[in-house]
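Welcome, and thanks for opening the viewer. Keep the selection box handy, and we will go from stop to stop together.

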Amino acid sequence: MLATWAEKFRPHREGVDLPPHHEQCLGCGPDNPHGHHLQVRRHGDGVVADHTFDNRHVGAPGIAHGGAVATVIDDLYGFLLYLVGTPAVTRQLTVEYRTPVMIGVPYRLQAQVQRHEGRKLFLVASIAGPDGSVVGTSTAVFVAVGIDHFTRERQ
Ligand SMILES: CCCCCCCCCCCCCC(=O)SCCNC(=O)CCNC(=O)[C@H](O)C(C)(C)COP(=O)(O)OP(=O)(O)OC[C@H]1O[C@@H](n2cnc3c(N)ncnc32)[C@H](O)[C@@H]1OP(=O)(O)O
């Protein structure tokens, strides 16, 4: 798995689907039956995904659960790491829900790196509806880690 993960950091072409973090990833893993199956491509210096929430992710009737929206945005940020070239993990995630994200409506999500500061990556994202109106925005701080972060034993 570690070898596979390292291969994901090769240069990626514009517009081509980026590889999932791993097969069971809640955000993008194709084999996770509860997952969002997010498909993400590079777009310039950032990443973009077209995504439709379904009834597995409902909060209030007809509206996507805010936690589901945050999950997808967090996972989208995880694809920027392929472009940056380092593994990193979420230290802080904020989401501003401007208007409800509806079930069954196709949204476009975009994310990019705002700046680096030592091990810290300051990231921004937005989610827009079919008419282009922004329904949510997000910021995050990811902290670069060694690959041992994922293999170390913890209690
Ligand atoms: C096998 C391989 C598989 C791989 C699969 C990968 C899948 C990935 C998929 C992605 C899926 C989606 C993603 C996910 O789901 S990632 C999963 C969710 N996230 C986590 O589990 C992370 C848990 N946290 C940690 O492990 C540690 O806290 C980390 C490692 C992050 C840092 O602990 P560490 O002890 O190392 O460092 P530090 O505490 O000294 O802090 C470091 C620096 O950061 C600064 N700082 C802290 N907070 C803030 C803040 N709010 N604003 C601004 N700055 C802040 C702090 O001042 C310091 O700065 P400086 O003093 O150095 O200048």
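With 16 C-beta neighbours inside 10 Å, does His-37 count as buried, exposed or partly exposed? Select His-37 and look around: those 16 neighbours make His-37 partly exposed, because a residue needs 20 or more to be buried and 12 or fewer to be exposed. Please keep in mind throughout that this is a predicted model.

**Stop 1: the loop at His-37**

His-37 sits in the loop between helix 1 and strand 1. Check its backbone too: phi of His-37 is positive, near 50°, although the residue is not a glycine. As a rule, most residues other than glycine have a negative phi.

**Stop 2: strand 1 and Arg-41**

Now move on to Arg-41, which belongs to strand 1. Arg-41 is partly exposed because 16 C-beta neighbours lie inside 10 Å. Setting aside residues up to four places away in sequence, Arg-41 touches Gly-15, Val-16, Asp-17, Leu-18, Val-47 and Val-48. Try a distance label from Arg-41 to Gln-110: they are 69 residues apart along the chain, yet their C-alpha atoms are separated by 9.8 Å.

**Stop 3: the hairpin and strand 2**

Select strand 1 and strand 2 together. They run antiparallel and are joined by four bridges; His-43 stands opposite Gly-46 in strand 2. Two residues lie between the strands of this hairpin, where Gly-44 has a positive phi near 60°.

Next, show the side chains of strand 2. In a regular strand the side chains alternate between the two faces of the sheet. Strand 2 does this: Val-47, Ala-49 and His-51 point to one face and are buried, while Gly-46, Val-48, Asp-50 and Thr-52 point to the other face and are not buried.

Add strand 4 to the selection. Strand 2 pairs with strand 4 in the antiparallel sense, over six bridges. Here Val-48 stands opposite Gln-110 in strand 4, the residue you labelled from Arg-41 a moment ago.

**Stop 4: the annotated span and helix 2**

Select residues 62-123, where the unreviewed UniProt entry places the feature "domain: Thioesterase". The span is 31% helix and 42% strand, and its end C-alpha atoms lie 29 Å apart.

Within your selection, pick out helix 2, residues 66-84. What span should its 19 residues have at 1.5 Å a residue? The expected value is 27 Å, and the end C-alpha atoms of helix 2 are 28 Å apart, which agrees.

Colour helix 2 by burial. Its buried residues are Val-69, Val-72, Ile-73, Asp-74, Asp-75, Leu-76, Tyr-77, Gly-78, Phe-79, Leu-80, Leu-81 and Tyr-82. To see what covers them, turn on the strands: the cover includes strand 1 (40-43), strand 2 (46-52), strand 3 (88-97), strand 4 (106-117), strand 5 (120-128) and strand 6 (134-144). After helix 2 comes Gly-85, with a positive phi near 95°.

**Stop 5: strand 3 and its partner**

Strand 3 is hardly covered: of its 10 residues, the buried ones number one. Select Thr-90 in this strand. Thr-90 is partly exposed because 14 other C-beta atoms lie within 10 Å. Leaving out neighbours within four places in sequence, Thr-90 is in contact with Asp-74, Ala-140 and Phe-142. Asp-74 is one of the buried residues of helix 2 you coloured earlier. For another distance label, choose Leu-26: it is 64 residues from Thr-90 in sequence and 15 Å away in space, C-alpha to C-alpha.

Now add strand 6, which runs antiparallel to strand 3 and is joined to it by nine bridges. Gln-92 stands opposite Val-141 in strand 6.

**Stop 6: strand 5 and strand 6**

Keep Val-141 selected and bring in strand 5. Val-141 is also the bridge partner of Phe-122. Strand 5 and strand 6 pair over nine bridges, in the antiparallel sense. They form a hairpin with five residues between them, and Gly-132 in the turn has a positive phi of about 90°.

**Stop 7: the ligand**

Finish by centring on the ligand. Which of the 19 residues around the ligand come nearest? They are Gly-78, Val-89, Gln-92, Val-143 and Phe-150. Helix 1 (2-7), helix 2, strand 3 and strand 6 each supply at least two residues of the shell, and strand 3 gives the largest share, four residues. Colour the shell by residue type and you will find eight nonpolar, six polar and five charged residues.

Definitions and conventions
Residues are numbered from 1 along each chain as its sequence is written. This is a predicted model: local features need pLDDT of at least 70, side-chain atom pairs count only at pLDDT 80 or more; totals for chains, interfaces and linings use all residues. UniProt positions are given in the numbering used here, feature names are shortened, and annotations may be inferred rather than shown by experiment. The expected span of a helix is 1.5 Å times one less than its number of residues. Two residues are in contact if their C-beta atoms, placed from the backbone, lie within 7 Å. A residue is near a molecule or strand if its C-beta atom, placed from the backbone, lies within 6 Å of it. Ala, Val, Leu, Ile, Met, Phe, Trp, Tyr, Cys and Pro count as nonpolar, Asp, Glu, Lys and Arg as charged, and the others, Gly among them, as polar. Two strands pair if DSSP finds at least two bridges between them.
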